[in-house]
Amino acid sequence: MSDIVRTFPKDLIDLDQFSPEQLTHILDTAENFKEVSEREIKKVPTLRGKLVVIFFHENSTRTRLSFEVAAKRLSADTVALSASGSSLSKGESLLDTARNIEAMHPDALVIRHGASGTPGFLGRRLSFPVLNAGDGAHAHPTQALLDMLTLREVKGRLDGLRIAIIGDIAHSRVARSNMIGLSKMGARVAVAGPPSMMAVELAETYGVEVYNRPEPAIEGADGVMMLRIQLERQTGALFPGNREYALVYGLSRERLKLAKEDAVILHPGPVNQGVELSPELYEDRRSVILPQVTNGVAVRMALLYLLIERPGQAEAA
Amino acid sequence: MSDIVRTFPKDLIDLDQFSPEQLTHILDTAENFKEVSEREIKKVPTLRGKLVVIFFHENSTRTRLSFEVAAKRLSADTVALSASGSSLSKGESLLDTARNIEAMHPDALVIRHGASGTPGFLGRRLSFPVLNAGDGAHAHPTQALLDMLTLREVKGRLDGLRIAIIGDIAHSRVARSNMIGLSKMGARVAVAGPPSMMAVELAETYGVEVYNRPEPAIEGADGVMMLRIQLERQTGALFPGNREYALVYGLSRERLKLAKEDAVILHPGPVNQGVELSPELYEDRRSVILPQVTNGVAVRMALLYLLIERPGQAEAA
Amino acid sequence: MSDIVRTFPKDLIDLDQFSPEQLTHILDTAENFKEVSEREIKKVPTLRGKLVVIFFHENSTRTRLSFEVAAKRLSADTVALSASGSSLSKGESLLDTARNIEAMHPDALVIRHGASGTPGFLGRRLSFPVLNAGDGAHAHPTQALLDMLTLREVKGRLDGLRIAIIGDIAHSRVARSNMIGLSKMGARVAVAGPPSMMAVELAETYGVEVYNRPEPAIEGADGVMMLRIQLERQTGALFPGNREYALVYGLSRERLKLAKEDAVILHPGPVNQGVELSPELYEDRRSVILPQVTNGVAVRMALLYLLIERPGQAEAA
């Protein structure tokens, strides 16, 4: 235990910062906190008097709400900051804004930003914990952790699982964080997507299987994670169209038969029903998409708690 | 009592769901909560640890603020969601967004939406209470309840009162909810407005008197409710202009003489002074427009309490 | 003491309302509250059950956040209102909106508005305290108080200090409130800026030294306050350009040598680095720009406390 807490990072930037033991510790903590959201009174005094600044520079419903709910269930106060209506529109640099926030003695900053690397850049310069809520195409560690918690819950373990991730692998922060986290925990990850959405070096960098068609990735999988086709981000023509994508890469009942019989379907949401996932599978009993959302609150409670309170660290030092 | 609570609806969609006894129970509960807002410490622990999600898909000041204040005075936590900045702008359906919220274990959803029927649609599909904060031209039940609470407070009863509602009756959710609620409580409702803003079937559907000129509606009234002319919604030409409207339908000191001497003036706000109401009447001692706002907080506290806690229901079952 | 509290104003509009003893009382109270933000649990129950309405009609990060954090650290509830999304966009007057808010029994209104005089106008008409968070070119009293707290902290006193304020003096609410507050406390203020940004009557009105070049103002100063050049507000051509401004009016290491050796640099933020302040000075040990932000929370805690609770006033009456 003492090693887990002594070397526990100051910030949550991506999962490569954590040892498998530390990841397990986060998941265990989340599992414990999950019960709070099921109580009559859904609140514990753990972070009473702490201030969490929530700064979303990109649109989001579930991640922002999830962090806010997590903070409030721990009795922390939250203040929100958005790009519009902030000094950023007066030309102040993000670092200056963050240093101004720092001067108000917050206890954590949760940030989503379109530019990869922003949370890490800020974390290295600020004295208090920074939590990455998604940065560009780089990382989305709380999403990967909630995926891992959901898989561990259903399958009883992560070690030895085979997980397929299908979609725009090259540009997905969800895919990246999951490839890192799942591999660390001993799962075998197979990724598949159109050639324009794949990068040849993935196999080497992350030790994952790389395919251009979904079938070999899904074959024998314990879990199939479908990524959102970012329709609103498609500027060029990375793929011919939604119908064609659904036909070749979308998850259908037929295609799912290749996976293990008890395989589960994951999706980070929001789902484009009929594109990456058929509507019937969205409602299928094997879908764990809504349990993922529930686990998201628990994972974020765990991380706010671990990074703000650093339990056991004084003793371990 | 046990019947009131046993059959108390899960959601607040419109007042037709409630029996007169249940409406009285809501008003009595609101009256009790009203005192909290007058205390030195304006807060009771009633909903501590409960989460109220407030989702306004249309602009609003007083209704949104009123619900937020009501929730906070009951010690509930609130998280806000707006149309912009949410996943809805990524093309997710409202139901999917709501089911994602549901997975975070909220205790209530307060929703305002431009499309009639949205709160009812969601309420039937979600496991937790949905409170309609105004949907299209359909219903605005908390507004009608605060109107009823204000009238009952001043007049001592609702049964036997004569209430005039003047304005765009056909397109007003405030008018609809009041016609239903006031009629249920034994009041006589008379509505008046330009022909383009009336519907012939109102008399039959709601059992109200229907006029095309305000005078016969106001005659002998205990209360005159002036509706807001939705200047910002006028796309076609439902009426010739503000001056003409004020002249024929606006409430003036002269026109008010037709009502009972102790008649009160109601308005859901924001008031277009000089259009539906003369500025002098806005400030008149007979105006209960600001007491309506005060009662709005009390009514919303009552509904959040009754729908989330369902007091007495365990015993009644 | 009893005089200080007996005549303590209902609202905070500008510093001319306060006697030097009252200003000292505010600064002393702020100093006491400062410690709360440094605690493990950064929260006191002082304003539990009180409601603070925060209404920013202009963009702001630090001032809005600072007030929100201040309110939460005192355990008050906050509700926020912005210009968009409010009834103001339906044509309601600001006073009507405010009177509607009043009917919900709030304990304070914090308002920033582009039109000078708005907070005073509202304060005279509302029964509860109004706090000016910046109105047009008129006043920004909490900013001046945090500047004064910072100077008093570093220098041990305000009386007898020489403070230079450089920039667009004529249009700066920060400059105005500081000229009033610092002069009241016995400091000598010298202002400098381009002729287009100065007004000849400043000397007489505020009893300050007025220069068109920064050097004589900075000479012998204990503190140099650089104002933000409001790049986003420059519609006409008040000055030729940023480079030219920096050259003639910007604070450089060289120009700072004219001040006392232990002079401090203040700036209300956000800083245009390289325009009014050289980047090296922003990071200089003499810069107290971030301590100013820290003190801003303390000053706002003090004012919310003093205006809402009015401690000692019952006894003094």
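Start by selecting A:Arg39: at 33% relative accessibility, A:Arg39 counts as partly exposed, a class that runs between buried (under 20% relative accessible area) and exposed (over 50%), computed with a 1.4 Å probe on protein chains only. Now add A:Glu35, which is partly exposed as well, with a relative accessible area of 37%. The two form a salt bridge, with their closest N and O atoms 2.8 Å apart; the term stands for a side-chain nitrogen of Lys or Arg within 4 Å of a carboxyl oxygen of Asp or Glu.

A word on what is on screen: this is a predicted model, in which local features need pLDDT of at least 70 and side-chain atom pairs count only at pLDDT 80 or more, while totals for chains, interfaces and linings use all residues. Residues are numbered from 1 along each chain as its sequence is written, chains are lettered from A and ligands numbered from 1 in the order in which they are written, and side-chain values use heavy atoms, with hydrogens and water left out.

Next, move to chain B and pick B:Arg176 and B:Asp14. Their salt bridge has its closest N and O atoms 3.2 Å apart. This pair links distant parts of the chain, 162 residues apart: B:Arg176 sits in helix H7 (residues 173–184) and B:Asp14 in the loop between helix H1 (2–6) and helix H2 (20–34). Helices (H or I, at least four residues) and strands (E, at least two) are DSSP runs, numbered from the N terminus. Both B:Arg176 and B:Asp14 are buried.

Stay in chain B for B:Lys34 and B:Glu153, a salt bridge at 2.7 Å between the closest N and O atoms. Here helix H2 is linked to helix H6 (residues 141–155), with the partners 119 residues apart. B:Lys34 counts as buried at 16% relative accessibility, whereas B:Glu153 is partly exposed at 35%. For a network, select A:Arg253, A:Glu280, A:Asp284 and A:Arg286, which are joined by salt bridges that share partners. Over all chains, the search of the whole structure finds 72 salt bridges.

Now zoom in on B:Asp107, in the loop between helix H4 (94–102) and strand E3 (108–113) of chain B. Is B:Asp107 buried or exposed? B:Asp107 is buried, with a relative accessible area of 10%. Its side chain meets that of A:Lys42 in a salt bridge (2.5 Å, N to O). Beyond its neighbours within four places in sequence, the contacts of B:Asp107 (heavy atoms within 4.5 Å) include A:Lys42, B:Phe128 and B:Ile308.

Pull back to the interface of chain B and chain A. There, 25 residues of chain B are in contact with 28 residues of chain A. The two chains bury about 2,600 Å² between them, 49% of it on carbon and sulfur atoms; this is the accessible area (1.4 Å probe) lost on putting the two parts together, summed over both. The interface has 4 salt bridges. On the side of chain B that touches chain A, strand E2 (77–82) and H4 are the elements that give two or more residues.

For the last stop, show chain A with chain C. A:Asp107 forms a salt bridge with C:Lys42, at 2.5 Å between the closest N and O atoms. Chain A can be laid on chain C by a turn of 120° and a shift of 0.1 Å along the axis, with an RMSD of 0.0 Å. That is the relation of a three-fold axis. The superposition is by least squares on the C-alpha atoms of residues with pLDDT of at least 70 in both copies.
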